[in-house]
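Hello,

Here is the structure I said I would pass on. Please have it open while you read; my notes follow below.

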Amino acid sequence: MGVGVTLSLLAAGVLGAVSFVSCHPVFGGKRGKEQTLSYQQSPAYGVGKFVNLIPTSMGMNWDTTKTLLRDYVRGVPKQRPAEPLPVRPVVLDPLKGSRQPRAVWLGHSAVLMEMEGMRMLLDPMLGRAPSPVPAVGGKRYSKQPPIQAEQLDDIDVVLISHDHYDHLDYGTIRQLKDKVKRFIVPLGVGSHLERWGVASERIEELDWWQETSYEGLRLACTPARHFSGRGLTGRDRTLWCSWVITGEEHNVFFSGDSGYGGHFQQIGERYGPFDLAMMECGQYDERWAGIHMSPEETVRAYMDVRGRVLLPIHWGAFTLAMHSWTDPIERSTRAARAAGATIATPALGEPVAIGSAEVPAAAWWQPLR
């Protein structure tokens, strides 16, 4: 094969990839000029993009990139479970009618929550893999989540923390879009939903520290320390956040993805204490410590927000970092117990009663290591 033919094939491949990213809806929508101008009023908006409250570098120099490539090639022991994780199938009707509000962890950061007669989904990534092309992405640890999108119906609210593939899943949203009364998202994320067929009147975008209400629930968009972006361009063109969910009797915090920072204490001072704090505890690495917490920082952040029960999330579904699959829960459990904190360790699909001192505490993962 001649050099000219090789270069032509390479150019065609690059052009095809660019065309795929530009045209396929999985990569989301683009905001208009009017939206961009409105975002400039946000305190979270910098020069042409959203920014963190404190400087957060995510640059990867060549030396760091080499170590990362080396580690990906080598892998780490027990990076995935040897067998598919067991799940407890979720039964919806008893939860909907229950007097006791509940949160059901569905794997990674996806949570089904029943609270004061409302059914909510938080970051409902129920797909096979956190990838724009699921056929080539890392498979979910369980054969399927505890409940699938087609089984869900009559959803009052979907909350999204940011637009990364492991939190905002194209396939899941397409299946849920006509079953959800309100999508509440950080600034800019609505453009993705609209491209995927969600009616604009059912989407509400919020900035950090803005609040809205739905059927008696107060929902506050609060800061996180992370980043956003889908595709080859558009880094940080949508906002990332955490969420506060407050009802008449109970108060819940959902961290989304976040590095450790002073925003947790601010949230705790303004909205705490929380009956349940769902906090990310996985997919960490020293090379990106500014955007993902270590498990020990997870416990520290939980105490900062003044949580009463800690529910670790962002683990148990996908391999996105160089640690064993059980490292997040083992380390966060040790740190919580050392701090005298109450930590819930439900199996996939096992409910956690909000406001109760009785929480799931079995180390169900140990026989699967």
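A cavity here is a set of grid points where a 1.4 Å probe fits but cannot get out. Keep in mind that this is a predicted model.

Enclosed space first. The count comes to 1 cavity of 30 Å³ or more. The largest cavity has a volume of about 50 Å³. It is lined by 13 residues, and the closest to its centre are Tyr-141, Gln-283, Phe-318, His-323 and Trp-325. By class, that lining splits into 7 nonpolar and 6 polar residues, with no charged ones.

Now the open space. The largest pocket holds about 830 Å³. Its lining has 29 residues, and those closest to the centre are His-164, Phe-227, Ile-291, His-292 and Leu-320. Charged residues do appear here: the lining of the largest pocket has 5 of them, beside 12 nonpolar and 12 polar.

Next, strand 3. Which residues does it span? Strand 3 covers residues 118-122, and 5 of the 5 are buried, so the strand is largely enclosed by the rest of the structure. Met-118, Met-120 and Leu-122 point one way, while Arg-119 and Leu-121 point the other way. Note that Arg-119 is among the buried ones.

Strand 3 has these partners. Strand 2 (residues 111-115) runs antiparallel to strand 3, and 5 bridges join the two. One pair to look at is Leu-112 in strand 2, whose bridge partner in strand 3 is Leu-121. The hairpin of strand 2 and strand 3 has 2 residues between the strands, and Glu-116 takes a positive phi near 55° there. Strand 4 (residues 155-159) runs parallel to strand 3, with 3 bridges between them. Leu-122 has Leu-159 of strand 4 as its bridge partner.

There is also an open sheet of 7 strands. Its order is 7-8-9-10-11-12-13, and the pairing is mixed. Which strands sit at the edges? They are strand 7 (211-214) and strand 13 (342-343), each pairing on one side only. Inside this order, strand 10 (residues 251-254) and strand 11 (residues 276-280) run parallel and are joined by 3 bridges. Val-252 has Leu-276 of strand 11 as its bridge partner.

Helix 7 (residues 263-271) belongs in the same view. It lies across strand 7, strand 8 (217-222), strand 9 (242-246), strand 10 and strand 11. The helix runs at about 155° to strand 8.

Two single residues to finish.

Asp-275 is in the loop between helix 7 and strand 11. Is it buried or exposed? Its relative accessible area is 12%, and buried means under 20%, so Asp-275 counts as buried. Leaving aside neighbours within four places in sequence, Asp-275 is in contact with Glu-249, His-250, Asn-251, Arg-308, Val-309, Ile-354 and Gly-355.

Thr-333 is in helix 9 (residues 327-338). Its relative accessibility is 5%, so by the same cut-off Thr-333 is buried too. What does it touch? Not counting residues up to four places away in sequence, Thr-333 touches Ile-343, Thr-345 and Trp-365.

Best wishes

How values were computed
Residues are numbered from 1 along each chain as its sequence is written. This is a predicted model: local features need pLDDT of at least 70, side-chain atom pairs count only at pLDDT 80 or more; totals for chains, interfaces and linings use all residues. Side-chain values use heavy atoms; hydrogens and water are left out. On a 1 Å grid over the protein atoms alone, a cavity is a set of points where a 1.4 Å probe fits but cannot get out, and a pocket is an open set with protein on both sides within 12 Å along at least five of seven lines; lining residues have an atom within 4 Å of a point. Grid points are joined across faces, edges and corners, and a volume is the space filled by probe spheres set on the points. Ala, Val, Leu, Ile, Met, Phe, Trp, Tyr, Cys and Pro count as nonpolar, Asp, Glu, Lys and Arg as charged, and the others, Gly among them, as polar. Two strands pair if DSSP finds at least two bridges between them. Helices (H or I, at least four residues) and strands (E, at least two) are DSSP runs, numbered from the N terminus. Contact means heavy atoms within 4.5 Å. Axes are lines fitted to C-alpha atoms, for helices over the stretch in contact, and angles run from 0 to 180 degrees between N-to-C directions. Buried means under 20% relative accessible area, exposed over 50%, partly exposed in between (1.4 Å probe, protein chains only).
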